[in-house]
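Here are a few exercises to work through with the viewer open. Try each one yourself before reading the solution.

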Amino acid sequence: VGELVLVDADTVDDSNLQRQVLFEPEDIGAPKAMVAAQKLQHTTPWLKVTARLERVDQASLHEIVQDCTLVLDGTDNFATRDLINRVCHALGIPLISAAAIGMVGQLSYFPPEGPCYRCLFGESGIDDRSCAANGVLASTPQIMATLQAHHALLALGLSLSPLAGKLLLWDGMTGEQRLIRFSHDP
């Protein structure tokens, strides 16, 4: 990985510290993307890290990802996930989407030529659950992020995409993982 672009308009809150382990108490109130970029740049000086402190819309997202090799989505709402999927699909950029709530997580790889997020969840995949409203065990997003990073490295370094057309469901209560296959929905 030579370059990362981090996009987040939010600031670090004390409620983030238990599950977003890059942040520390002294980061509270600072922009998340900026803090993350500085810390990643410090630990990996050969990596170019850019922070964008903004909420995305279709135009800005198109501009942000148009030169990306791969997009990782860790957002927490369906509308943003759907937007990211639509822009990546239109630009032919692969997408790895990870989600976590409570003690469960899901992960999938959406290649430009294969089934996409909307093929899996449809147009009306409205889900009003959020970590703020429903809670999340601190380890769940960390596990899902680690799995997402693993699959990003498989895609970037080895041109492998074992989750294309599959949804990985991870259950933190039982420790079980399941793979559900899905196909292209024209």
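Contact here means heavy atoms within 4.5 Å. Keep in mind that this is a predicted model.

**Exercise 1. Using that cut-off, list what Leu95 touches beyond its sequence neighbours, then find its place among the nonpolar residues.**

Step 1. Set aside residues up to four places away in sequence; Leu95 then touches Leu70, Val71, Asp73, Ile84, Asn85, Cys88, Ser108, Tyr109 and Phe110.

Step 2. Look for the largest nonpolar core, which has 15 residues. Leu95 is among those touching the most other members, along with Leu61, Val65, Val71, Ile84 and Cys88.

Step 3. Ask which elements supply this core: α2 (58-65) and α3 are the ones giving two or more residues. The top contributor is α3, with five residues.

Step 4. Check for another core. A second, separate one has eleven residues, including Leu70, Leu107, Ala152 and Trp170. As background, nonpolar side chains in soluble globular proteins tend to be buried together.

**Exercise 2. Work out the strand order of the open sheet and identify its edges.**

Step 1. Trace the five strands: the order is β3-β4-β5-β6-β7, with mixed pairing.

Step 2. Find the edges. Both β3 (71-73) and β7 (176-181) have a single partner strand, so one side of each has no neighbour in the sheet. From one strand to the next, the twist averages 15°.

Step 3. Follow the pairings from β4 onward. β4 and β5 are antiparallel over seven bridges, and they make a hairpin with two residues in between, where Gly102 in the turn has a positive phi of about 60°. Next, β5 and β6 run antiparallel with five bridges, and β6 (residues 166-171) joins β7 through six bridges, also antiparallel.

Step 4. Pick out individual partners. Ala99 is bridged to Gln106 in β5, Gln106 stands opposite Leu169 in β6, and Lys166 has Arg181 in β7 as its bridge partner.

Step 5. Add the helices. α3 (residues 78-91) lies across β3 and β4 (95-101), at about 170° to β4. α6 (residues 139-158) lies across β3, β4, β5, β6 and β7, and its angle to β4 is about 170°.

**Exercise 3. Is Ser108 buried or exposed, and what does its side chain meet?**

Step 1. Locate Ser108: it sits in strand β5 (residues 104-110). Five of the seven residues of β5 are buried, so the strand is largely enclosed by the rest of the structure.

Step 2. Apply the cut-off of under 20% relative accessible area for buried. Ser108 has 2% relative accessibility, so it counts as buried.

Step 3. Find the polar partner: a polar atom of the Ser108 side chain is 2.6 Å from the backbone oxygen of Lys166.

Step 4. Survey the surroundings. Beyond four places in sequence, the contacts of Ser108 include Leu95, Leu163, Lys166 and Phe182.

**Exercise 4. Classify the ring pair of Phe110 and Tyr117, then that of Phe110 and Phe182.**

Step 1. Count the aromatic pairs: the whole structure has four.

Step 2. For Phe110 and Tyr117, the centres are 5.8 Å apart and the planes are at 80°, so this pair is edge-to-face. Phe110 and Tyr117 are both buried.

Step 3. For Phe110 and Phe182, the centre distance is 6.1 Å and the planes are 55° apart, a tilted pair. Phe110 belongs to β5 and Phe182 to the segment after β7, so this pair ties together parts 72 residues apart in sequence.

Step 4. Assemble the cluster: ring pairs link Phe78, Phe110, Tyr117, Phe121 and Phe182.

Terms used: Residues are numbered from 1 along each chain as its sequence is written. This is a predicted model: local features need pLDDT of at least 70, side-chain atom pairs count only at pLDDT 80 or more; totals for chains, interfaces and linings use all residues. Side-chain values use heavy atoms; hydrogens and water are left out. Helices (H or I, at least four residues) and strands (E, at least two) are DSSP runs, numbered from the N terminus. Buried means under 20% relative accessible area, exposed over 50%, partly exposed in between (1.4 Å probe, protein chains only). Two strands pair if DSSP finds at least two bridges between them. Axes are lines fitted to C-alpha atoms, for helices over the stretch in contact, and angles run from 0 to 180 degrees between N-to-C directions. A nonpolar core is a set of buried Ala, Val, Leu, Ile, Met, Phe, Trp, Tyr and Cys residues joined through side-chain atoms within 4.5 Å. Rings of Phe, Tyr and Trp (its six-membered ring) pair if their centres lie within 6.5 Å; planes under 30 degrees apart count as stacked, over 60 as edge-to-face and the rest as tilted.
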